[in-house]
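Here is a short set of exercises for you to try with the structure open beside you. Take each task on your own, then read through its solution.

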Amino acid sequence: MTDKLEQLVETAQAMVAPGKGILAIDESTGTIQKRLSAVGVESTEDNRRDYRSMMLSTPGLGEHISGAILFDETIRQKASDGTSMVELMNKAGILPGIKVDRGAKALAGFEGEKVTEGLDGLRERLAEYAELGAKFAKWRAVITIGDDIPSRACLDANAHALARYAALCQEAGIVPIVEPEVLMDGSHDLDTSYDVTEATLKALFAQLYEQNVLLEGTILKASMVISGSEASDRAGPEEVAEATIDCLLNAVPAATAGIVFLSGGQGDVEATRHLDTMNKMGDLPWPLSFSYGRALQAECLKTWAADPKGNREQAQQILAHRAKMNGLAALGEWSE
Ligand code: 13P
């Protein structure tokens, strides 16, 4: 293996080191505006910087957080004391990551379905992000469950784009997180979630193989196999954990460096419990950890927003606590 490939493998392994997971704070400008306005904060550049630098300077965060995914704005920002965000992270032992996709757009000819854009110019953007200190990247595809969807065309178009992105990342010495999110939205049952997730992952790994992506230097960010958020009879934690593990064992090659989950609208403790239940099920071929956005941030954001200066430390403690709980869940050692 060349030095570059060895470095990729080393970084990927560090991202899923035992008891550690990833903090997702890469909300696009539109999404962060929604999150901040929901707690009564205006989405100005300064407020976004203060909120995110508050999280990244949480004492001891690096004990349970291996890396954080940033949005383009954040990787270029300095905290109010002049320290760059990347420097803050490097000091805390948290790997800087960057969201590089340009969002999920309507898939022409397929109503209700999306394909993620952002491949044009990606080689040049990745080279710049590597200069800025990014060690890994993220690309999110969105798969919607509904009447007669997802279509084969949607799964294949997204898998193809994910693999092209992953190959470009590895060329740039950056570890790709490939994230095909099967949305929880809808009233579908667990079996439907299983079938769609399995088909999505199989399409993805077929493309990663075709496009020569090194799995040992790749992290899968997966959605759990879970009942739709509006389903009448939602499956419990044991069922979710069993179905998810079964699906992953069927679709994800053992060579993959690790699997991290998104929270996708699950409650904070629910997301922790699901991860812990899976890790208690015994030996698995890959480390299984977290890359939560909302399930790590929700309480922290609420507390910070109520009084950004006065509640800063309290908000950090809340984030540190959730990171620790999920770190324990990644080891299968969490208890309520
Ligand atoms: P959630 O955990 O809030 O789903 O966000 C994770 C993420 O990064 C989605 O791309």
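Two strands pair if DSSP finds at least two bridges between them. With that rule in hand, remember as you work that the model is predicted.

**Exercise 1. Follow the strands**

Task: Work out how β1 pairs with β2 and β10, and name bridge partners along the way.

Solution:
- Step 1. Start with β1 and β2: 5 bridges join them, and the two strands run parallel. At least two bridges are needed for a pair, so β1 and β2 pass the test.
- Step 2. Look for partners in β2. Isoleucine 22 has glycine 67 as its bridge partner there, and alanine 24 has isoleucine 69.
- Step 3. Turn to β10 (residues 288-292), which pairs with β1 in the parallel sense over 2 bridges. In β10, serine 291 stands opposite isoleucine 22.
- Step 4. Put the steps together: isoleucine 22 has a partner in β2, glycine 67, and another in β10, serine 291.

**Exercise 2. Close the circle**

Task: In which order do the 8 strands close into a barrel?

Solution:
- Step 1. Go on from β2 to β3: 4 bridges join these parallel strands. Alanine 68 has proline 96 in β3 as its bridge partner.
- Step 2. Further round, strand β8 (residues 219-222) is joined to strand β9 (residues 258-261) by 4 bridges, again running parallel. Here isoleucine 219 stands opposite glycine 258 in β9.
- Step 3. Write down the whole order: β1-β2-β3-β6-β7-β8-β9-β10, with parallel pairing. Neighbouring strands of this sheet are turned by 25° against each other on average, direction ignored.
- Step 4. Add a helix. Helix α1 (residues 3-15) packs on the sheet and touches β1, β2, β3, β6, β7, β8 and β9. The direction of α1 makes about 50° with that of β7.

**Exercise 3. Buried or exposed?**

Task: Decide how covered β1, β2, alanine 161, aspartate 148 and asparagine 212 are.

Solution:
- Step 1. Recall the cut-offs: a residue is buried if 20 or more other C-beta atoms lie within 10 Å of its own, exposed if 12 or fewer, and partly exposed in between.
- Step 2. Apply this to strands. In β1, 5 of the 5 residues are buried, and the strand is mostly covered. In β2, 6 of the 6 residues are buried, so β2 is largely enclosed by the rest of the structure.
- Step 3. Alanine 161 lies in helix α7. Alanine 161 is partly exposed because 19 other C-beta atoms lie within 10 Å. Alanine 161 touches Val115, Thr116, Leu119 and Ala141, not counting residues up to four places away in sequence.
- Step 4. Aspartate 148 is in the loop between β6 and α7, and with 6 other C-beta atoms within 10 Å, aspartate 148 is exposed.
- Step 5. Asparagine 212 sits in the loop between α8 (190-210) and β8. Asparagine 212 counts as exposed too, with 10 C-beta neighbours inside 10 Å.

**Exercise 4. Check the backbone**

Task: Which peptide bond is cis, and where is phi positive in a residue other than glycine?

Solution:
- Step 1. The bond from isoleucine 149 to proline 150 is cis, with omega near 15°. Proline 150 is found in the loop between β6 and α7.
- Step 2. For phi, look at aspartate 148, where the value is positive, near 60°.
- Step 3. Asparagine 212 also has a positive phi, of about 60°, although it is not a glycine.

**Exercise 5. Core and ligand**

Task: Which residues have the most contacts inside the largest nonpolar core, and what surrounds the ligand?

Solution:
- Step 1. The largest nonpolar core has 101 residues, and Ala68 and Ala137 have the most contacts inside it. Helix α7 (residues 152-171) gives the largest share of this core, 10 residues.
- Step 2. Look around alanine 137: among the residues it touches are Gly97, Ile98, Leu126 and Cys169.
- Step 3. Now find the ligand. The residues surrounding it include Ala24, Arg140, Glu179, Tyr292 and Arg294.
- Step 4. Sort the shell by class: 4 nonpolar, 3 polar and 3 charged residues.

Note on methods: Residues numbered from 1 in each chain as written. Predicted model: local features only at pLDDT ≥ 70, side-chain atom pairs only at ≥ 80, totals over all residues. Core = buried A, V, L, I, M, F, W, Y, C linked by C-beta atoms within 7 Å. Contact = placed C-beta atoms within 7 Å. Near = placed C-beta within 6 Å. Nonpolar A, V, L, I, M, F, W, Y, C, P; charged D, E, K, R; others polar. Axes fitted to C-alpha atoms, helices over the stretch in contact; angles between N-to-C directions.
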